[in-house]
Amino acid sequence: DLEAQAASARASGREAPPLRGGPGMPPGERRLEDAGDAPAAAYASFQGTERLVVPHPHRLPLLITFCIHMVTAFGMVFLNLLQVFLIKSLVGGKFSCMQGAIDQYGAWAGVLVLVVLSMLSACACFGVIFVFAPVAAGSGSPENKGWLNGSQEMAGIFTWRNMLVRATATVFSNTSGFPAGREGPTVTMGSNLAFCLTDLVSTWYVRRRIGDMTSDERAAALGSDEDLAATILERERFQAAKRNACIVGGACGMTMIFDSPIGGIVYMFEEVGAISWGADLTFYAFIATVLADVAMRFLLNAMGSDMKEWVIFQVDTDVQAGDAYAWSWKDVPIFLVLALVIGPLSALHTHLCLEVGSIRQKVIRRFQRQTLAKVIEGLLFAALCALVATLVALMGGCNRYDSYQDVDDGLEFVRFTCEDEDQYNPVASLLVTTSEAAMKLLITREAPDFREGYFDIGNLVLAFLAYTALNISLTGIPVPSGSFTGTMLIGGFIGRAVGIQVETSTDGSFAKPGVYAMMGSAAMLCGFKRMSMAVVLFIAECGNDWELIPPLMICVLASLGISRIFLKNGFDEEQIARKGITFLHAEPDKSLYGHIASEFVDGSRATLPPRAAVEDVRRLLQDSGACDSIPVVGEDRLCVGLTTPARLRSALALLDGAGAGRSDGRRREMAESLVASGTWASSGRVLNLEFLLDRSPYKVDEDMPAPRVYTLFAKLGISCACVVSLRGEYRGVISRNSLSRVAGRLHQ
């Protein structure tokens, strides 16, 4: 049929449709954007050809895709290993200096040393961020989630510089003693690394397929539709490959933090949803996460270390030996009550975090030098964290190691102001340390006498109040920090306190306090992140006991269900909405019913005619901002197609080079073909856009119900669609940005 259409057009004297090598995309446009100087040769070889090519879907070669994901996995292993080693070394050095000052000069000298060292680490963190990459401030989780959801503008955060700056700043952030972990930045770094690798390899692949082809190879390609379609792949069509790679990179990051490959995969699955998850992606994510975990174990073994020393992990030796069970059915009612109490608390915690961040932004805007104000505030907050932790720890008293039979070597206790080497301060062991070390202490089940335990309820209450207040106050401080471990720690305080109370009030046949701590962590975390399966897997992995899965699922179900009553969205979703990041949920909200497509038209989109003056094109590009598609509309008000700013800039660059005499004969020939006949020598040249168009954009009727339009964007992942009347006349463009913005306003 396509060949017949072309023959009919030639017979009637009309201009044959442009050559197509993809979904409605002429080859000339692909050469323009793909390879800089390479387009001339590629376009010249196809110009004048009457063959119409069957649309060819994007597909990077299997070997290239596999290599990208494997390099991402090993790259994240190296990055994570380096980060953890630096954090352990710097934090250990900081606390050693503090302990030395306490032993020699007294408690207040140690407090002063800790405050100064924390401020120095925070200063290094802010210096790296604001000097090299201000966009690296924060965890990057909302931006990463927006990109994975289809937001094109968020791709700008993924650069080599941003990744390295975020990695460096994360080390200093954790060294400073901020009450947070490194999960969010690590996931973002994994996505960033995968994005950069895919962009690098796909660009090389396209240039190799197009720019390095000899004339004989181009002639041979013309004889095969399949080969021809393979040579006209353009960089724009690799967005899906980049997103898949970003998902794999994020899964590798979470795998190494919790030593849980399956947990990493499930975490990213819950982040992006089933709509963006293909069958091939599961296979690649599985291989990458397994290789990352195995490689990490191998390197640590070669260094004489153990994987469990680097992750949140504790073993119940009684359960492992088969002498006891981690829980019994009489614990379930208490687990359920614990989850029902923590569910509303998680919603309150999330709400307070968001409010603190909002208030902090409003206050910062009042300052003329906002960057300086942020740095000063961050330094003062680092000092506050150190001061609060040490002052509260002074109330903790001292306990002796010899009151217990086998203290696990994986646990880290802080002596602080205790005089004897065999003593430790229980509150300092929870506050004057890292979040991961404190979490290990909370979930441990190795103490033989649980009527005393490592901590009493008073110690846990003090630590809970101090840490929760600091964790909430951290929101809005421009440091790369994760909330995963911090939220687990808050729930763990409550759970362990309940477990101690149960043990001291009963005959000791109930679950150990460490199990209650894990139930509290799961209940708190699921309400904050609005995740279920990933939370269960991670906590079960931390306890190294899959028998914990049933009670964990019960706690997650109860907590997540009741927290939704008090707060509809989780922390990341609220951050996405407040930052104005384009995000579409899987299903349309009920507020969209009764509205039609014309209400969502992006009024900021300017249009171009099929033959546009070069100066008009330049002017539009200056004013187009972040628009990713530009409609081309004829005199009859029919939408001819869509083009992109990148294609137009490539075309203008080619024209400028030819006009200045910097192009060879082939490039000049191509440049002349882009200009409407008779205008090449004139000062008011007219650009022929027919070779730069996507002639088959998505089109929706102006009266189409809004929920149907929303579903089209959300489930097909398209970025824009033309709105037309019943007669096909152009009415405007709906973009993901305009759809998300109007849908959010209607929802409010």
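The expected span of a helix is 1.5 Å times one less than its number of residues. Keep that rule at hand as we walk through this predicted model, starting with helix α20. The 22 residues of α20 should span 32 Å at 1.5 Å a residue, and its end C-alpha atoms are indeed 32 Å apart, so expectation and model agree. How much of α20 is buried? Of its 22 residues, 18 are buried, so the helix is largely enclosed by the rest of the structure.

Now step back along the chain to α19, which covers residues 457-473. This helix has 17 residues and reaches 24 Å from its first C-alpha to its last, close to the 24 Å expected. At its N-terminal end you will find a cap: a side-chain oxygen of D456 lies 3.1 Å from the backbone nitrogen of G458. The buried residues of α19 include L460, F464, Y467, L470 and I472, along with polar ones such as N459 and N471. Among the elements that cover these buried residues are α15 (332-365), α16 (370-393) and α20 (484-505), so we meet α20 again here as part of the cover.

Two of those covering helices, α15 and α16, lead us on to the second largest pocket, since each supplies at least two residues of its lining. The pocket holds about 1100 Å³ of space. Its lining counts 46 residues, and Q361, T475, G476, Q575 and K579 lie nearest its centre. The largest share of the lining, nine residues, comes from α15. Other helices that each give at least two residues include α8 (183-210) and α24 (571-579). In character, the lining divides into 19 nonpolar, 17 polar and ten charged residues.

How values were computed: Residues numbered from 1 in each chain as written. Predicted model: local features only at pLDDT ≥ 70, side-chain atom pairs only at ≥ 80, totals over all residues. Heavy atoms only, no water. Helix = DSSP H or I, 4+ residues; strand = E, 2+ residues; numbered from the N terminus. Buried < 20%, exposed > 50% of the residue type's maximum accessible area, 1.4 Å probe, protein only. Contact = heavy atoms within 4.5 Å. Polar contact = N/O pair within 3.5 Å; in protein donor to acceptor, adjacent residues only side chain to side chain. 1 Å grid on protein atoms, 1.4 Å probe; cavity = no way out; pocket = protein on both sides within 12 Å on 5 of 7 lines; lining within 4 Å. Points joined across faces, edges and corners; volume = space filled by probe spheres on them.
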